[in-house]
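User: Hi! I would like to learn how to read the features of a protein model. Could you take me through one step by step?

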Amino acid sequence: MERTTDLVIFDMDGTLLDTIGDLAACCNQVLEARGLPCHTYEDYCGFVGNGVMRLVERALPEALRTAETVAAVRADFVACYTEHIARHTRPYDGIPELVGELVRRGVRLAIASNKFQAGTEKLARHFFPDVRFEAVLGQRPGVPLKPDPQVVREILACTGVAPGRVLYVGDTGIDMATACAAGVRSVGVTWGFRTREELAAHGACHLADRPEEILALL
């Protein structure tokens with residue numbers, strides 16, 4: 001069957017990499033240093049997806065969610081997380097093989113994340129040092145976060161790939177909404193941080209339980 005996909009855009013956290021261990025450890029370290037309550041792994045699965053600012057805001061007690069406190073805790077978190085970004089983080093089983101096979105087939109690759117830009121780039125370099133990504137884009141000043149489709153449109157513009165030839169792979173409703181707004185096909189992966197029900201409710205074109213299943217959607 002003829003391939004209909006020239007470009008696969010991956011979300012990072014919960015899709016390529018299981019990052020919750022380091023996100024949780026660093027956020028809890030910052031909270032504990034301030035004498036504030038910590039949270040569980042499961043809590044952080046619900047906190048992530050909308051960028052560092054919202055992660056910190058959700059982790060703080062409601063009474064402390066002032067702009068000043070959120071900004072200060074965010075700064076401490078980013079410093080800790082940048083230093084310990086790959087202590088517990090690992091690619092999901094089957095992801096290195098999937099990425100390698102996509103490269104072998106000549107499919108172009110990109111990353112679109114709501115993680116801050118420096119962290120997104122550092123993880124991509126660390127875990128995929130030999131992979132050529134067309135773009136590695138995270139949260140940057142002046143650029144709206146997903147589900148705004150701007151990050152996907154940037155990738156389409158720099159690659160020249162038509163939306164109909166793109167597959168967007170993510171693990172949250174935010175990702176599915178992003179793909180829909182950008183006019184590209186979406187794959188919701190069930191090994192990440194959110195549920196199959198959330199992915200379906202936000203319009204996933206396809207669902208994948210294992211990375212290798214994505215190859216059949218090309």
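Analyst: Happy to! Let us begin with burial: a residue is buried under 20% relative accessible area, exposed over 50%, and partly exposed in between, using a 1.4 Å probe and the protein chains only. This is a predicted model, so local features need pLDDT of at least 70 and side-chain atom pairs count only at pLDDT 80 or more, while totals for chains, interfaces and linings use all residues. Residues are numbered from 1 along each chain as its sequence is written, and side-chain values use heavy atoms, with hydrogens and water left out.

User: Is C26 buried or exposed, and why?

Analyst: C26 has 0% relative accessibility, so it counts as buried. C80 counts as buried too, because its relative accessibility is 8%.

User: How many disulfides does the structure hold?

Analyst: A disulfide is a pair of cysteine sulfur atoms within 2.5 Å. The structure holds 0 disulfides. For C26, the nearest cysteine sulfur belongs to C80 and is 3.1 Å away. Seen from C80, the closest cysteine sulfur is that of C26, and 3.1 Å is too far for a bond.

User: Next, strands. Which strands pair with β6?

Analyst: Helices (H or I, at least four residues) and strands (E, at least two) are DSSP runs, numbered from the N terminus. Two strands pair if DSSP finds at least two bridges between them. Strand β6 covers residues 166-170. It pairs with β1 (residues 7-10) in the parallel sense over 4 bridges, and 4 bridges also join β6 to β7 (residues 185-189), again running parallel. You can follow V169 across: its bridge partner is F10 on one strand and V187 in β7 on another.

User: How many residues of β6 are buried, and what lies on its faces?

Analyst: Here is the general idea: in a regular strand the side chains alternate between the two faces of the sheet. In β6, 5 of its 5 residues are buried. V166, Y168 and G170 are on one side, L167 and V169 are on the other, and both faces are covered.

User: What does β4 pair with?

Analyst: Strand β4 is joined to β1 by 4 bridges and to β5 by 3 bridges, running parallel in the β1 case and in the β5 case. F10 has I111 as its bridge partner in β4, and A112 stands opposite L137 in β5. Because 8 of the 9 residues of β4 are buried, this strand is largely enclosed by the rest of the structure.

User: How do I read aromatic pairs, and how many are there?

Analyst: A pair of aromatic rings is described by the distance of the centres and the angle of the planes. Rings of Phe, Tyr and Trp (its six-membered ring) pair if their centres lie within 6.5 Å; planes under 30 degrees apart count as stacked, over 60 as edge-to-face and the rest as tilted. The whole structure has 4 aromatic pairs. In one of them, the rings of Y44 and F47 have centres 5.3 Å apart and planes at 80 degrees, so the pair is edge-to-face. Y44 and F47 are both in helix α2 (residues 41-47), 3 residues apart, which is about one turn of the helix, and both are buried. Another pair, F128 and F133, has centres 6.0 Å apart and planes at 85 degrees, so it is edge-to-face; both of these residues are buried. F77, Y81 and F116 form one aromatic cluster.

User: Last topic: how many cavities are there, and what lines the largest one?

Analyst: On a 1 Å grid over the protein atoms alone, a cavity is a set of points where a 1.4 Å probe fits but cannot get out, and lining residues have an atom within 4 Å of a point. Grid points are joined across faces, edges and corners, and a volume is the space filled by probe spheres set on the points. The search finds 2 cavities of 30 Å³ or more. The largest holds about 230 Å³ of space and is lined by 18 residues, with D13, V48, G49, N114 and K115 nearest its centre. β4 gives the most to this lining, with 3 residues.

User: And what is the volume of the second largest cavity?

Analyst: About 50 Å³. Its lining includes S113, N114, G138 and Q139, and the elements that give two or more residues to it are β4 and β5 (136-139).

Technical notes. On a 1 Å grid over the protein atoms alone, a cavity is a set of points where a 1.4 Å probe fits but cannot get out, and a pocket is an open set with protein on both sides within 12 Å along at least five of seven lines; lining residues have an atom within 4 Å of a point.
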